[in-house]
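Subject: Structure for you to look at

Hello,

Here is the structure I promised to pass on. Please open it alongside these notes.

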Amino acid sequence: MTDVKAYIIHLQSATQRKENIDLMRTKLPRASVVEAIDATTLDASTQRLHYKRFASWPPYPFAMRTSEIACFLSHRKCWQIIADGDAPYALVLEDDVAFVPSVFDRALAKAEEMAAETCFIRLERCKNDPDETIQPHIIKPKFAGHGMQTQLVGRETAKHLLRVTEVFDRPVDTILQMPWLSKQTLMEVVPSGIKEISDALGGSTIATRKSRYPRIYRELLRPAYRAAVIATTLVLR
């Protein structure tokens with residue numbers, strides 16, 4: 001059991017996730033629930049203040065959905081809490097996380113070995129059940145993964161991320177895949193013992209049902225965008 005501070009992002013209306021939050025807090029006794037920004041009540045002026053389409057290179061080809069803007073602002077809300085707090089670092093988690101206990105305990109201990117006020121350490125979600133005999137280790141990935149289920153964020157890093165994301169034009173995990181923009185070194189712990197269980201909790205609170213043609217449009221543009229990100233990362237590294 002850890003004594004690290006933790007902040008769990010939770011949308012109050014997502015009542016089907018409350019039982020999972022209780023389970024998360026048994027593993028994280030110092031966890032606090034942070035009320036997520038509700039996309040259904042997010043006013044247009046706040047969106048205009050932070051969201052500017054095509055603000056960065058390479059251009060993000062899709063307009064952000066209100067739910068994605070709300071998700072980004074929810075993470076910024078946690079960063080603000082960390083920046084204003086007295087702990088050198090804290091965990092930020094989304095509420096669709098489940099733990100593989102024996103792996104997660106070791107992964108978090110490994111992350112805390114590298115933790116500092118300037119850290120950003122992702123506990124990369126496991127796509128499959130992790131091999132519990134493998135010892136978690138720290139890597140510095142060439143390209144950061146998708147998702148923001150769990151990360152250890154230093155206090156100085158939180159202040160820095162608040163500055164560089166005052167205006168954004170793409171989802172929060174996508175910004176962090178662009179080190180020339182985020183100016184943040186990311187590390188990851190693998191295996192992490194973190195699993196995403198949003199499907200078991202009623203589905204994503206961000207995704208919306210799309211018609212066939214917009215879905216095809218996104219599938220066509222996404223590879224070209226990813227290639228542009230990879231190329232820019234290699235050039236500017």
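H75 has contacts with I9, V92, E94, M148, Q151 and V172, leaving aside neighbours within four places in sequence. Bear in mind that this is a predicted model. H75 sits in helix 3. Its relative accessibility is 1%, so H75 counts as buried, the cut-off being under 20%.

Helix 3 itself runs over residues 66–84 and has 19 residues. From first C-alpha to last, helix 3 reaches 27 Å. That is close to the 27 Å expected at 1.5 Å a residue. Of its 19 residues, 14 are buried, so helix 3 is largely enclosed by the rest of the structure.

Next, V172, one of the contacts of H75. V172 belongs to helix 6, which covers residues 172–175. V172 counts as buried because its relative accessibility is 5%. Neighbours within four places aside, V172 touches C71, F72, H75, W79 and M148. V172 also illustrates a long sequence separation: V172 and E68 are 104 residues apart in sequence. In space their C-alpha atoms are 8.2 Å apart.

M148 appears in the contacts of H75 and in those of V172. M148 also helps to line the largest cavity.

On to the cavities. How many are there of 30 Å³ or more? The count comes to two.

- The largest cavity holds about 50 Å³ of space. Its lining consists of R122, L123, E124, R125, H146, G147, M148, Q149, T150 and Q151. Strand 5 (120–123) and strand 7 (150–154) each supply at least two residues of that lining. By type, the lining has two nonpolar, five polar and three charged residues. Q151 is in this lining and is also a contact of H75.
- The second largest cavity holds about 30 Å³. K5, Y7, I81, I82, G85, D86, A87 and A90 line the second largest cavity. Here the residues divide into five nonpolar, one polar and two charged.

Then the aromatic rings. A search of the whole structure gives five aromatic pairs. One of them is Y60 with F62: the ring centres are 5.5 Å apart and the planes are at 85°, so the pair is edge-to-face. The cut-off for that label is over 60 degrees. Are Y60 and F62 buried or exposed? Both Y60 and F62 are buried. Ring pairs also bring in Y225, linking Y60, F62 and Y225 into a cluster.

Last, a loop residue. Where is S56 placed? S56 is in the loop between helix 2 (44–50) and helix 3. With 18% relative accessibility, S56 counts as buried because the cut-off is under 20%. Leaving out neighbours within four places in sequence, S56 is in contact with D169, R170 and L181.

If you want a place to begin, here are three views.

1. H75 in helix 3, with I9, V92, E94, M148, Q151 and V172 shown as its contacts.
2. The largest cavity, with strand 5 and strand 7 among the elements that supply its lining.
3. The cluster of Y60, F62 and Y225.

Best wishes

Terms used: Residues numbered from 1 in each chain as written. Predicted model: local features only at pLDDT ≥ 70, side-chain atom pairs only at ≥ 80, totals over all residues. Heavy atoms only, no water. Helix = DSSP H or I, 4+ residues; strand = E, 2+ residues; numbered from the N terminus. Buried < 20%, exposed > 50% of the residue type's maximum accessible area, 1.4 Å probe, protein only. Contact = heavy atoms within 4.5 Å. Expected span 1.5 Å × (residues − 1). 1 Å grid on protein atoms, 1.4 Å probe; cavity = no way out; pocket = protein on both sides within 12 Å on 5 of 7 lines; lining within 4 Å. Points joined across faces, edges and corners; volume = space filled by probe spheres on them. Nonpolar A, V, L, I, M, F, W, Y, C, P; charged D, E, K, R; others polar. Phe/Tyr/Trp six-rings, centres within 6.5 Å; stacked < 30°, edge-to-face > 60°.
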